[in-house]
Amino acid sequence: MASFHDILGTDKNTSSDEVKRRYKLLSTRFHPDKGGSKVIMQLVSQAYDQVGKGKGDEEAVHTCYIKDPAIDNYVLKIQRLERDYQQLKESNDVVKRKLKQADQENKQRLNSVARQAKAESEEKKLRAKNDELQAQLINARRELRKRWRGVKPFESASDNKSGVVLSQKVSAQIKSLGRFNARRIALLMIFPAIFLMLMSMLGKEPWLALYAMVKGPTDKPKTVVTVLAINPADLVSQQRPRQATEQETVVSAKPEPDVRIKMAQVTGSWQYRHFEDTQQPYVSVRSEKGSYIVKSCEGGFKYYRNDNLRSRRLPANMVLERRDRHFTIYKLAYGNGSSVANWSESKSLLINEEYFPNKGFAGSYNQLTKACQATS
């Protein structure tokens, strides 16, 4: 709503002389004797009094009541004007923001155009420099060809010492490359000569050994005979001379097959099992990597290493025995995992970087001990 300052067009910083001047100006316009409104003149007079008392910020409508209906039209006009003013102010703020954003975008566009123009100019300079270097390279190659054909280069008046120095450097590099190739060929020829000299100094034996390695074994393998029982008649026959018609028959002993363990699906637990094709008992545990620790009635603990694992240096307490399918079998001669006490006193053992737990070891080992005692 309008205050007394709004009616007079003043504020709290306006001097008293200016307030009086504005009051006289409004009185000459709205005085009833000069065609003005009595109600408006009363409102102006009251506003002048209240501003002089320091109450110019109070609302004029709350202070006085005007019965003139014409004032309502002015109030409505003032309200409409205030609404229009707010709308115009908001529109003005929106336009200002858009102008500011457009200004920033324009600056960025100008900066990008400037950078692009700078990049294009630098690219042109680089291309010109590249063309110049290409021309120099072509000229240097031409002069080099002339030099190797026996024509003296740089005979014109425009030649200078830099061209001669360049030609000398190029020729020195080519000569050094030739020396390097000759040196490399000489080294390659020296090594076979040294090898042949050493072989000739050692005699015929190395040549014969090399020939035997290339050709392979020529002798037939010897037959191993196992004597199971001695016939007394054979002893008598040995005392008499052997006739030409008699023939000696040799029967080779059939080797015993190696026992094989059964594949287990359970990992991390000891199990009592029997070897394949036999009734010999054993206990074993499988690691997560597919290897086994096996204990049978004969011998100590054995490590069945899975050949699919990456090869590494094995501990010193492992003694190689044989191969079985995709396993390489090692005997644990001593140390970690070679005794029952090791497995009984620990929860798991680290053998060749594989963990083997002792879960179920006590029961499986007791069952194995009873089976071994029953078969012995």
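The following exercises concern strand pairing and salt bridges in a predicted model.

**Exercise 1.** Determine which strands pair with β6, and in which sense.

*Solution.*
Step 1. Strand β4 (residues 301-306) pairs with β6 in the antiparallel sense, over five bridges. Within this pairing, Y304 has I329 of β6 as its bridge partner.
Step 2. Strand β5 (residues 318-324) also pairs with β6 in the antiparallel sense, over six bridges. Here M318 has L332 of β6 as its bridge partner.
Step 3. Two residues lie between β5 and β6, which form a hairpin. In the turn, R325 has a positive phi of about 55°.

**Exercise 2.** Decide whether strand β6 is largely enclosed or open.

*Solution.*
Step 1. A residue is buried when its relative accessible area is under 20%.
Step 2. In β6 (residues 327-332), five of the six residues are buried, so the strand is largely enclosed by the rest of the structure.

**Exercise 3.** Establish which parts of the chain are tied together by the salt bridge between R325 and E276.

*Solution.*
Step 1. The side chains of R325 and E276 form a salt bridge, with an N to O distance of 3.6 Å.
Step 2. R325 belongs to the loop between β5 and β6, and E276 to the loop between β1 (271-274) and β2 (281-286), so the pair ties together parts that are 49 residues apart in sequence.
Step 3. R325 is partly exposed, at 31% relative accessible area, and E276 is partly exposed, at 30%.
Step 4. A network of salt bridges links R260, E276, D324 and R325.

Note on methods:
Residues are numbered from 1 along each chain as its sequence is written. This is a predicted model: local features need pLDDT of at least 70, side-chain atom pairs count only at pLDDT 80 or more; totals for chains, interfaces and linings use all residues. Side-chain values use heavy atoms; hydrogens and water are left out. Buried means under 20% relative accessible area, exposed over 50%, partly exposed in between (1.4 Å probe, protein chains only). Helices (H or I, at least four residues) and strands (E, at least two) are DSSP runs, numbered from the N terminus. Two strands pair if DSSP finds at least two bridges between them. A salt bridge is a side-chain nitrogen of Lys or Arg within 4 Å of a carboxyl oxygen of Asp or Glu.
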